[in-house]
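Open the model in your viewer and keep the selection tool at hand. This tour moves from stop to stop, saying what to select and what is there.

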Amino acid sequence: MSAYGHSAGGSGDQSGREARVRTSGDLRGMSPAQRRCGVSRHRGGSGDAVAPLLASGDPENDSMVPGIQGARAEATGEYLCSDREPGEEGAAAAEEAEEVEGGEEAAQAQHGAQSGGAWPAQRVSQGDKALETWVSSETSALPRPRWQVLTALRDRQLGSSTRFVYEACGARAFVQRFRLQYGLQGHSGCVNSVHFNQRGTWLASGSDDLTAIIWDWVRQRPVMAFNTGHRNNVFQAKFLPNCGDSTLVTCARDGQVRVAQLPAISLSRVSKHVAQHRGACHKVALVPDSPVRFLTAGEDAVVYDIDLRQDRPASRVVVTKEKESRVGLYTVFVNPANIYQFAVGGRDQFVRIYDQRKIDETDNNGVLKKFCPHHLVHCESQPLITCLVYSHDGTELLVSYNDEDIYLFHSSHPDGAQYVKRYKGHRNNATVKGVSFYGPRSEFVVSGSDCGHIFLWEKSSCQIVQFLEGDRAGNINCLEPHPYLPVMATSGLDHDPKIWAPTAKATTKLLGLKDLIKKNKRDRDGDGSGHSHLIQNNMLSFLMHHITRRSHPLPGRRPRAPLEERVLDAESDESSRSSDASEEEES
């Protein structure tokens, strides 16, 4: 029995909730006004929801950010002294912010009176103060930087440190200097997936145009491109580890899981169909260090263990259920410290952890333990889980909820344990958004947002230390840190994966962050669209997207010159056999 017992509405019909999360392809065919409609969120949901935290150089945000001088101190190793105690500094900063804000509120009130509108200054003040309270709650002061550039450079020059790059990747000074380097041009549809190979030399991307491209991201050119063989939006493309970059796994909206042998695909023109979900398959979970095994999870609630050494590669591990009802899945991740354990999330509010050695579906549906923020356990709106990931050492589990916040759990805590950290400020409403750790020791949390920005939080303090405008079309869905360099790849509704690196001359000024957080929070709280309206919007955007693609094949957006010679048709002769085998396995 789970420590939560039976949650209200925890099971039951999933069809209404299925329409609440859209993919990039769905959003592409919608007008900006329709995209702003987003996904329904019950007003009475997480009423005690707390939110974002700001650490910026923007004077407007300084009241929420203790230790603004951290970036300069980190770069020089020198720290400014203050005559005030930490609490006094925070109070003084808050008073100064209130004075500035009070002037703005008075101006707004005067403008409203002149224009005949009723916008009392008292109401503005109360609303802003409530928002700032929400923003600053559950945060702490930024910790003193552990990495100091001058000391690290001296140690490297003297030969006393061999881990300069490794340590630099987790330095706040570098994170605060991230800037866009370039986009990689080649896809003709939304890019739903980016993944670096084990050596970090190649980047794989999967798109709504049904192709996968392998990039030499440093030289900004494609190494190989091929048609994946999928019939609908490619949701993920990943290199298997320790395979010499020879094996790429893809999954898609059509529920297929396919494997491409890259050195041979130019000759065989075939990718192998190894599993079939009865519903979209959003995520592939790699088994650490294994070149032949991985897990997949689909909206049919099934988790498959794929072993490429077997004649029938797909074997069903578990069907995820709440009571007797299936729970469609959007995400799965293997614990890097214990490859038998994996976590899944999807169309309800619970994170479920399984151990493949101990799954007994007659006992608690095979679940080892479940986590959920306590205020969401009996939440009527039942927020969905769009993504979850383990930290580098498997001790922490990061979970992103649809139209809610991001939560950190300790994976060793018992069943039903409360979250330990909460990250606020972004909005995860319109698409199935990813979340990730950044840094060699998982020092930061990174997520995209419906507003088209990338948010980076310092993990221990829950404060925003960087935010970047990342997508012109309005959604960032996938974020992939480089395995050993201070580099990050992102993708979203735009047709080009983007590369980011810490090349800015100074730390980014988080100008406009406070206003953006206010907008995200108010949009989230005010979004009360009905389910029927959302279903119609979802279906309409999906149909329009594919009608448009078939009516206009976009010949000009096909990969260019040397690439065209290598665009391959990967329809596999083994598809029907593998599909039948997978469906038999499920039944």
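Which residue in S13 does Val303 stand opposite? Select Val303 and Val318: these two stand opposite each other, with Val318 in S13.

**Stop 1: the S12 and S13 hairpin**

Now widen the selection. Strand S12 covers residues 302-307, and strand S13 covers residues 314-319. The two run antiparallel and are joined by 5 bridges. A hairpin of 6 residues leads from S12 to S13.

**The whole chain**

Zoom out for a moment. This is a predicted model. The protein holds 14 helices and 30 strands. Of its 587 residues, 57% are buried. Take the contacts between residues at least 6 apart in sequence: 62% of them join residues at least 24 apart.

Colour by confidence next. The mean pLDDT of the protein is 77. A value of 70 or more is reached by 68% of the residues. Select residues 15-20: pLDDT stays under 50 there. The model gives this stretch 22 contacts beyond four places in sequence. Then select residues 529-587, where the pLDDT is also below 50. That stretch has 100 contacts in the model beyond near neighbours in sequence. Where pLDDT is low, the predicted coordinates should not be read in detail.

**Stop 2: the S2 to S5 sheet**

Select strands S2, S3, S4 and S5. They form an open sheet of 4 strands in the order S2-S3-S4-S5, with antiparallel pairing. Strand S2 (191-196) and strand S5 (221-227) are the edge strands, and each pairs on one side only. On average, neighbouring strands of this sheet are turned by 20° against each other, direction ignored.

Stay inside the sheet. Strand S3 (residues 203-207) pairs with strand S4 (residues 211-216) over 4 bridges, in the antiparallel sense. Pick Leu203 to see one facing pair: Trp215 in S4 stands opposite.

**Stop 3: Lys272**

Move on to strand S9, residues 272-276, where Lys272 has its place. Is Lys272 buried or partly exposed? Its relative accessibility is 30%, so Lys272 counts as partly exposed. Add Gly229 to the selection. Lys272 and Gly229 are 43 residues apart along the chain, and their C-alpha atoms are separated by 8.8 Å.

**Stop 4: S10 and S11**

Select strand S10, residues 281-286. Because 5 of its 6 residues are buried, S10 is largely enclosed by the rest of the structure. Its partner here is strand S11 (residues 293-298): the two run antiparallel and share 5 bridges. Find Cys281, whose bridge partner in S11 is Gly298.

Follow the chain from S10 to S11. The two form a hairpin with 6 residues between them. Stop at Asp289 in the turn, which has a positive phi of about 70°.

**Stop 5: Thr386**

Select Thr386 in strand S20 (residues 385-390). Thr386 has 0% relative accessibility, so this residue counts as buried. What does the side chain of Thr386 reach at 2.9 Å? It reaches the backbone oxygen of Lys433.

Show the surroundings too. Leaving aside neighbours within four places in sequence, the contacts of Thr386 include Tyr330, Thr331, Ser400 and Asn402. Asn428, Thr431, Val432 and Lys433 are also in contact with Thr386.

**Stop 6: the S1, S30, S29 and S28 sheet**

Select S1, S28, S29 and S30. What is the order of the strands in this open sheet? The 4 strands run in the order S1-S30-S29-S28, and the pairing is antiparallel. Strand S1 (179-183) and strand S28 (476-481) stand at the edges. Each has a single partner strand, so one side of each is left without a neighbour in the sheet. Neighbouring strands here are turned by 30° against each other on average, direction ignored.

Look at one pair in detail. Strand S29 (residues 488-492) and strand S30 (residues 498-501) pair over 3 bridges in the antiparallel sense. Pick Ala489: its bridge partner in S30 is Ile499.

**Stop 7: helix H11**

Finish at helix H11, residues 513-526. At 1.5 Å a residue, its 14 residues should span 20 Å. The end C-alpha atoms are 20 Å apart, which agrees.

Which residues of H11 are buried? Select Leu513, Lys514, Leu516 and Ile517, which are among them. Add Lys518, Asn520, Lys521 and Arg524, which are buried too.

Notes
Residues are numbered from 1 along each chain as its sequence is written. This is a predicted model: local features need pLDDT of at least 70, side-chain atom pairs count only at pLDDT 80 or more; totals for chains, interfaces and linings use all residues. Side-chain values use heavy atoms; hydrogens and water are left out. Two strands pair if DSSP finds at least two bridges between them. Axes are lines fitted to C-alpha atoms, for helices over the stretch in contact, and angles run from 0 to 180 degrees between N-to-C directions. pLDDT is the predictor's confidence in each residue, from 0 to 100. Contact means heavy atoms within 4.5 Å. Buried means under 20% relative accessible area, exposed over 50%, partly exposed in between (1.4 Å probe, protein chains only). A polar contact is a pair of N or O atoms within 3.5 Å; within protein, one must be able to donate a hydrogen and the other to accept it, and residues adjacent in sequence count only if both atoms are side-chain atoms. The expected span of a helix is 1.5 Å times one less than its number of residues.
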